[in-house]
Amino acid sequence: MKSTTHIFGCIADPIDHVKAPTLYSKVFLERKINAIMIPVHVNEKNLGEVINSLKKIKNFRGLTVTIPHKVNVLKYCDELEDTADQTGAVNWIKFNNNKVIGNNFDGIGFVRGLLNKNYIINDKRVSIFGAGGAGMAISFALQSYNLKELKIINRDQNKLNKLIKRLKNHFPKTTLIGENFLNYDISKSDIIINATSVGMKSDTTIPFKVLNTKQNSLIAEIIMEPELTFLLKEAKKLNKKIHLGKYMLESQIDLVGEYFNLW
Ligand code: NAP
């Protein structure tokens, strides 16, 4: 570290599960970028005060924002980039001349992760479990592709309806199907994504039965802890193609670096 080092933070509560500080600091070192990312453990009550203070530190460039702050942080942003505006959630903020600018790389990170592993998205039937922040970001990012079908499955019907309405407002031509956990069909889906928090940490439940998916389908996770969730273990047992949750975060790094003019 030098006196001119750029500081980035990862703001969360709880903080113990976050992977970004280790990951980003390692990349900065490997790419010889004079920057570091530190964990910033802040509860909701102090979020605004902390952001307003950090933006005054001249070499503090920005923060990656995670659970539970992605939506609350919006009210402390002076400007929003398109993806944050569309999804109503922020996973990065940039400090720029005392201004706080909100952005969201989650959806594009997931999509880039698939493309980096040479999966084709155009012309596919995609099912997403989860209409929370991550499910919403991925659904929006997928609108740039020519999908045969996009199905979103969520437990809370109200939240699902809100997401569908939001997507249709921004993309009136979208072909969307919303289903709930009691009644869904994923037997024709080519890519099935778990964007719920089911399977996190020591949770041994799975969001859907892998047996109900077709032979050549891809089972994609966005959970990073554990790397191999019960869902992915089940998929592996049945000789399915699997896609790890960590690729979503890793694929955001290049985009974030470009956004901050680091490379
Ligand atoms: P969120 O906004 O809180 O949404 C949680 C989602 O999970 C909702 O759709 C919720 O459904 C569903 N859910 C939770 N418990 C459930 C259960 N028992 N049965 C069925 N559905 C359930 O969280 P998020 O920000 O979208 O994050 C979701 C997961 O993605 C987390 O594990 C997070 O760590 C991970 N994530 C990973 C990355 C990455 O870069 N890899 C990025 C962002 C998030 P209801 O609406 O019915 O409650």
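Which residue lies over the face of phenylalanine 260, and at what distance from the ring centre? I began my notebook with this, and I found lysine 94 over that face, at 5.8 Å from the ring centre. I note at the outset that I am reading a predicted model, and that every value below was computed from it.

**Entry 1: lysine 94 and the rings beside it**

I then looked up what else lysine 94 does, and found that lysine 94 also lies over the face of tyrosine 259, here at 3.8 Å from the ring centre. Both of these rings belong to one aromatic cluster, which is formed by Phe8, Tyr24, Phe28, Trp92, Phe105, Tyr259 and Phe260.

**Entry 2: aromatic pairs**

I wanted to know how many aromatic pairs a search of the whole structure finds, and the count is 14. The pair I followed up is that of phenylalanine 8 and phenylalanine 28, which is tilted, with 5.6 Å from centre to centre and 35° between the planes. Phenylalanine 8 lies in strand β1 (residues 6-12) and phenylalanine 28 in helix α1 (residues 20-30), so this pair ties together parts of the chain that are 20 residues apart in sequence.

Are these two residues buried or exposed? Phenylalanine 8 counts as buried, at 1% relative accessibility, and phenylalanine 28 is buried too, with a relative accessible area of 2%. I wrote down the cut-off that this rests on, because a residue is called buried when its relative accessible area is under 20%.

**Entry 3: the largest pocket**

I turned next to the largest pocket, for which I have a volume of about 1,400 Å³. Its lining is made of 47 residues, and those closest to the pocket centre are Ile67, Lys70, Gly133, Ala134 and Ala195. When I asked which elements give two or more residues to this lining, I found β3 (60-65), α5 (133-141), α6 (157-170) and α8 (246-250). The largest share comes from α6, which gives four residues.

By class, I recorded 22 nonpolar, 15 polar and ten charged residues in the lining of the largest pocket. Where does this pocket lie with respect to domain 1 (6-104) and domain 2 (107-248)? Both domains give residues to the lining, so the pocket lies between them.

**Entry 4: helix α5**

Since α5 is one of the elements named for the lining of the largest pocket, I looked at how far this helix is covered. It is mostly covered, as eight of its nine residues are buried. I listed the buried ones as Ala134, Gly135, Met136, Ala137, Ile138, Ser139, Phe140 and Ala141. Ala134 therefore appears in my notes both among the residues closest to the pocket centre and among the buried residues of α5, where buried means under 20% relative accessible area.

**Entry 5: two cis peptide bonds**

I found a cis peptide bond that joins aspartate 13 and proline 14, with omega at about 10°. I placed proline 14 in the loop between β1 and α1, and these are the elements that hold phenylalanine 8 and phenylalanine 28. Another cis peptide bond joins isoleucine 67 and proline 68, again with omega at about 10°. Proline 68 lies in the loop between β3 and β4 (79-80), while its partner Ile67 is one of the lining residues closest to the centre of the largest pocket.

**Entry 6: two asparagines with positive phi**

Asparagine 97 is not a glycine, yet I noted a positive phi of about 50° for it. This residue sits in the loop between β5 (92-96) and β6 (99-103), and it is exposed, with a relative accessible area of 74%. For asparagine 261 I have a positive phi near 55°. Asparagine 261 lies in the segment after α9 (252-259) and counts as exposed, at 71% relative accessibility.

**Entry 7: helix α2**

Last, I checked two residues of helix α2 (residues 47-54), beginning with leucine 47. Leucine 47 is buried, with a relative accessible area of 1%, and its C-alpha atom is separated by 8.0 Å from that of histidine 69, although the two are 22 residues apart along the chain. Asparagine 52 is also in helix α2, but I have it as partly exposed, with a relative accessible area of 32%. The C-alpha atoms of asparagine 52 and lysine 99, which are 47 residues apart along the chain, are separated by 9.4 Å.

Technical notes:
Residues are numbered from 1 along each chain as its sequence is written. This is a predicted model: local features need pLDDT of at least 70, side-chain atom pairs count only at pLDDT 80 or more; totals for chains, interfaces and linings use all residues. Side-chain values use heavy atoms; hydrogens and water are left out. Rings of Phe, Tyr and Trp (its six-membered ring) pair if their centres lie within 6.5 Å; planes under 30 degrees apart count as stacked, over 60 as edge-to-face and the rest as tilted. Buried means under 20% relative accessible area, exposed over 50%, partly exposed in between (1.4 Å probe, protein chains only). A charge sits over a ring if NZ of Lys or CZ of Arg is within 6 Å of the ring centre and within 35 degrees of the ring normal. On a 1 Å grid over the protein atoms alone, a cavity is a set of points where a 1.4 Å probe fits but cannot get out, and a pocket is an open set with protein on both sides within 12 Å along at least five of seven lines; lining residues have an atom within 4 Å of a point. Grid points are joined across faces, edges and corners, and a volume is the space filled by probe spheres set on the points. Ala, Val, Leu, Ile, Met, Phe, Trp, Tyr, Cys and Pro count as nonpolar, Asp, Glu, Lys and Arg as charged, and the others, Gly among them, as polar. Domain bounds come from an automatic or database domain assignment.
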